[in-house]
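Student: Walk me through one part of this model up close: the aromatic rings, and what lies around them. I'd like a single connected account rather than a list.

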Amino acid sequence: MTKKNAWIARIGIAAWPAFVTAGVFTVTLFLFVDAHDLILISGLSLDRYGIYSLSFIIFWLFGTLCGGISAWLAYTSRPPSTHADRRK
């Protein structure tokens, strides 16, 4: 696997589960909270779909950040010999 493909795979490992989780969190949030209430509280000039999209993107970014940190910690916590074996 080339270096570029390895980075794409690492990003996918963090981003795909975060995408699915963001969808679940967004649906769960808006089961209990009306988007119109969030518009009134926040003062944003967005419609309901804008609030849905913004919340999804925030959840997705947060999930990707958490997944990326987890992947990075898992990669860096291996013994040095493992890193040398992976480069071959």
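**The aromatic rings and their surroundings**

Tutor: Start with W16, F19, F56 and W60, which ring pairs link into a cluster. Keep in mind that this is a predicted model. With ring centres within 6.5 Å taken as a pair, the count comes to seven aromatic pairs.

Take F25 and F59 next. Their ring centres are 5.7 Å apart and the planes stand at 75°, so with the edge-to-face cut-off at over 60 degrees this pair is edge-to-face. F25 belongs to helix 1 (residues 3–32) and F59 to helix 3 (residues 48–76), so you're looking at a link between distant parts of the chain, 34 residues apart. How buried or exposed are these two rings' residues? F25 has a relative accessible area of 45%, and because buried means under 20% and exposed over 50%, F25 comes out as partly exposed. F59, at 25%, is partly exposed too.

Now go to F30 and Y52. Here the ring centres are 4.8 Å apart and the planes are again at 75°, so this pair is edge-to-face as well. It too links distant parts of the chain, with F30 in helix 1, Y52 in helix 3 and their positions 22 residues apart. Their exposure is worth a look: F30 is buried, because its relative accessible area of 18% falls under the 20% limit, whereas Y52 is partly exposed at 30%.

Back to the cluster, because part of it shows up again on the outside: W16, F19 and W60 belong to the ring cluster and also to a nonpolar surface patch. The other members of that patch are V20, V24 and F25, and together the six residues have about 590 Å² of accessible area. Helix 1 supplies the largest share of the patch, five residues. F25 is worth a second glance: it pairs with F59, and it is a patch member as well. F56, which the ring pairs link into the cluster, is one of the buried residues of helix 3.

That brings us to the two helices carrying the pairs we went through. Helix 1 has 30 residues, and at 1.5 Å a residue they should span 44 Å; the end C-alpha atoms are 44 Å apart, which agrees. Helix 3 has 29 residues and reaches 42 Å from first C-alpha to last, close to the 42 Å expected.

Which residues are buried on helix 1? They are A6, A14, A15, A18, A22, T26 and F30. Look at the numbering from A14 or A18 onward: A18, A22, T26 and F30 are all in that list. An α-helix has 3.6 residues a turn, so residues three or four places apart point the same way. What do the buried residues of helix 1 pack against? Helix 2 (35–42) and helix 3. On helix 3 the buried ones are G50, I51, S55 and F56, and these pack against helix 1 and helix 2.

One more spot where distant positions come together: P17, which sits in helix 1, has its C-alpha 7.9 Å from that of G63, although 46 residues separate them along the chain. P17 is partly exposed, at 43% relative accessibility.

There's a charged contact to add as well. Side chains of opposite charge can pair when their charged atoms come close. A search of the whole structure turns up one salt bridge, in which the side chains of R48 and D34 meet at 2.5 Å, N to O. R48 is in helix 3 and D34 in the loop between helix 1 and helix 2, so the bridge ties together parts that are 14 residues apart in sequence. R48 is partly exposed at 35%, and D34 is partly exposed at 31%.

Finally, step back to the whole chain. It has four helices and zero strands, running α-α-α-α from the N terminus. Buried residues make up 16% of its 88 residues. Of the contacts between residues at least 6 apart in sequence, 55% join residues at least 24 apart; the F25 and F59 ring pair, for its part, spans 34 residues. The accessible surface comes to about 6900 Å², and 72% of it belongs to carbon and sulfur atoms.

How values were computed:
Residues are numbered from 1 along each chain as its sequence is written. This is a predicted model: local features need pLDDT of at least 70, side-chain atom pairs count only at pLDDT 80 or more; totals for chains, interfaces and linings use all residues. Side-chain values use heavy atoms; hydrogens and water are left out. Rings of Phe, Tyr and Trp (its six-membered ring) pair if their centres lie within 6.5 Å; planes under 30 degrees apart count as stacked, over 60 as edge-to-face and the rest as tilted. Helices (H or I, at least four residues) and strands (E, at least two) are DSSP runs, numbered from the N terminus. Buried means under 20% relative accessible area, exposed over 50%, partly exposed in between (1.4 Å probe, protein chains only). Patches are made of residues with over 30% relative accessible area and no salt bridge: like charges are joined within 9 Å, nonpolar side chains (Val, Leu, Ile, Met, Phe, Trp, Tyr) within 5 Å. Accessible areas come from the Shrake-Rupley method with a 1.4 Å probe; for residues, only the protein chains shown count as cover. A salt bridge is a side-chain nitrogen of Lys or Arg within 4 Å of a carboxyl oxygen of Asp or Glu. The expected span of a helix is 1.5 Å times one less than its number of residues. Contact means heavy atoms within 4.5 Å.
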